[in-house]
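Please open the structure in your viewer and keep the selection panel at hand. The tour goes from one selection to the next and says what can be found at each stop.

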Amino acid sequence: MTPQELRAFCLSFNAAVEDFPFGPEASVFKVLGKMFALSIMDARPLTVNLKCDPEDAVRLRADHSGLIVPGWHMNKRHWNTVTVDGSLPDRLVRELIEDSYDLVVAGLPRAERLRLDRP
């Protein structure tokens, strides 16, 4: 997955936007103001911080040692840093991004979740 593909996939979700609150190099992807992904698109290797269920986070780190690690500069219980250099299947990376988006949406107030469901 290239940086352009990562950006396009993150922006493909309903109401997703890219923001730069930490400077021009850090792409922050949000849904209704809440972050679900963070990446330095020029970094090598490319990585992305993603929200994760705490139990899944521990399992993923064990299953993909060195490629999925506790979230860099994030709450390490709820965030993972995922290496996006081709070592992990793109399908898995896409699933992890989608899971992160879904977790953030699930934490939104009911009225905002309902607003996302409207066409």
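## The cavity and the sheet around it

In this predicted model, the largest cavity holds about 40 Å³ of space, and a search of the whole structure finds one cavity of 30 Å³ or more. To see its wall, select Leu50, Lys51, Cys52, Asn80, Val82 and Leu96, the residues that line the largest cavity. Colour this selection by class, and the lining divides into four nonpolar residues, one polar and one charged.

Next, extend the selection to strand 4 and to strand 6 (79-83), each of which supplies at least two residues of that lining. Both strands belong to an open sheet of six strands, which you can follow in the order 1-2-3-4-6-5, with antiparallel pairing. At the edges of this sheet, select strand 1 (16-19) and strand 5 (68-70): each has a single partner strand, so one side of each is left without a neighbour in the sheet. If you then look along the sheet, the twist from one strand to the next averages 25°.

Now stay with strand 1 and add strand 2 (residues 26-31), to which strand 1 is paired in the antiparallel sense over four bridges. Within this pair, pick out valine 17, which stands opposite lysine 30 of strand 2.

For the last stop, select helix 1 (residues 3-11), which lies across strand 1, strand 2, strand 3 (34-40) and strand 4 (47-51). Showing helix 1 together with strand 1 lets you check their relative direction, since the helix runs at about 135° to that strand.

Key. Residues numbered from 1 in each chain as written. Predicted model: local features only at pLDDT ≥ 70, side-chain atom pairs only at ≥ 80, totals over all residues. Heavy atoms only, no water. Pairing = 2+ DSSP bridges. Axes fitted to C-alpha atoms, helices over the stretch in contact; angles between N-to-C directions. Contact = heavy atoms within 4.5 Å. 1 Å grid on protein atoms, 1.4 Å probe; cavity = no way out; pocket = protein on both sides within 12 Å on 5 of 7 lines; lining within 4 Å. Points joined across faces, edges and corners; volume = space filled by probe spheres on them. Nonpolar A, V, L, I, M, F, W, Y, C, P; charged D, E, K, R; others polar.
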